[in-house]
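Here's a quick briefing on a ligand site, with the contacts up front and the surroundings after that. Have the structure open while you read.

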Amino acid sequence: MIHLSSRLAAVAEQVPAGARVADVGTDHAMVPVWLVQSGRAAGVLATDIRPGPLQSAAALVERTGTGEYIRLIQTGGLTGIGPEDADTIVLAGMGGETMIAILAAAPWTKRDTLLILQPQSKRAALRRWLAENGYFIEAERLAEDAGRIYPIMRVRGGVSPAYTAAELRLGRLDQVGADPLFVRYLDIARASAVKAAPYDAEAAALLREYDDIKRRLDHADGRGDI
Ligand SMILES: C[S@@+](CC[C@H](N)C(=O)[O-])C[C@H]1O[C@@H](n2cnc3c(N)ncnc32)[C@H](O)[C@@H]1O
């Protein structure tokens, strides 16, 4: 079995058993290879927009003898891919804006498709876009890798609940508030909001919300009932 980083392991673990997966922006094809070796996926489409990453994907697939179950395709986003190819789509390690562009061009992903999203940036913009465009985050967790904390979202088509300003940045408290990494995640978000001084009214309200969450966490004191 290949070894996945804790970020990629947290992504791969979200894939349901027997899924037909498309890993978009696969680069090295680590996730597809792990999904096949572990028996988790029935088959994987591994795609990338650039030839270089696909070459390293092909090399790993060959080295691990997983080619029977992994189809490699060079394409941008979900171009040329439809619900007949995959019921689970992984978008990991790319910016939130790239994910928005990919999903906006593939509205079929709102029907009977599980999206596993691990954005590197623009998380608030991504959560807002999902909520305003017919998707909802059914679960979210955090993973730590090399000192950085990453959110991993399970998303489906449907009506989203409302998000506060802090929740757009951190995730919904009923989903990530009890995560063991949440307190550190909140502290990092708060520190970067403080650095953005001088504040306008919106930034000041965000900081107050962070402080309020922190107080509630201190009060809950590990009971996980924030
Ligand atoms: C940083 S790598 C992430 C690789 C892997 N998914 C991971 O999480 O470790 C991002 C990959 O996405 C690819 N990529 C960027 N934009 C893309 C798009 N619109 N469609 C498909 N692949 C894309 C890049 O070529 C690159 O190989």
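In this predicted model, the side chain of D48 puts an N or O atom 2.6 Å from an oxygen atom of the ligand. The protein covers 81% of the 600 Å² of accessible area that the ligand has on its own.

**Polar contacts with the ligand**
- G77 brings a polar backbone atom to 2.8 Å from a nitrogen atom of the ligand.
- I49 also uses its backbone: one of its N or O atoms sits 3.3 Å from a ligand nitrogen atom.

**The shell around the ligand**
- Count 18 residues around the ligand, with R7, G25, D48, G77 and A92 as the closest.
- By type, the shell splits into eight polar, six nonpolar and four charged residues.
- Three elements give two or more residues each to this shell: α1 (6-12), β4 (88-94) and α4 (96-104).
- Of these, β4 supplies the largest share, three residues.

**A closer look at D48**
- You'll find D48 in strand β2, which covers residues 41-48.
- Does D48 count as buried or exposed? D48 is buried, and yet it has no salt bridge.
- The nearest side chain of opposite charge belongs to R50, 4.7 Å away; a salt bridge needs the charged atoms within 4 Å, so this pair doesn't make the cut.
- Besides its ligand contact at 2.6 Å, the D48 side chain reaches the backbone nitrogen of T26 at 3.4 Å.

How values were computed:
Residues are numbered from 1 along each chain as its sequence is written. This is a predicted model: local features need pLDDT of at least 70, side-chain atom pairs count only at pLDDT 80 or more; totals for chains, interfaces and linings use all residues. Side-chain values use heavy atoms; hydrogens and water are left out. A residue is near a molecule or strand if one of its heavy atoms lies within 4 Å of it. A polar contact is a pair of N or O atoms within 3.5 Å; within protein, one must be able to donate a hydrogen and the other to accept it, and residues adjacent in sequence count only if both atoms are side-chain atoms. Accessible areas come from the Shrake-Rupley method with a 1.4 Å probe; for residues, only the protein chains shown count as cover. Helices (H or I, at least four residues) and strands (E, at least two) are DSSP runs, numbered from the N terminus. Ala, Val, Leu, Ile, Met, Phe, Trp, Tyr, Cys and Pro count as nonpolar, Asp, Glu, Lys and Arg as charged, and the others, Gly among them, as polar. Buried means under 20% relative accessible area, exposed over 50%, partly exposed in between (1.4 Å probe, protein chains only). Lys and Arg count as positive and Asp and Glu as negative; His and the chain ends are not counted.
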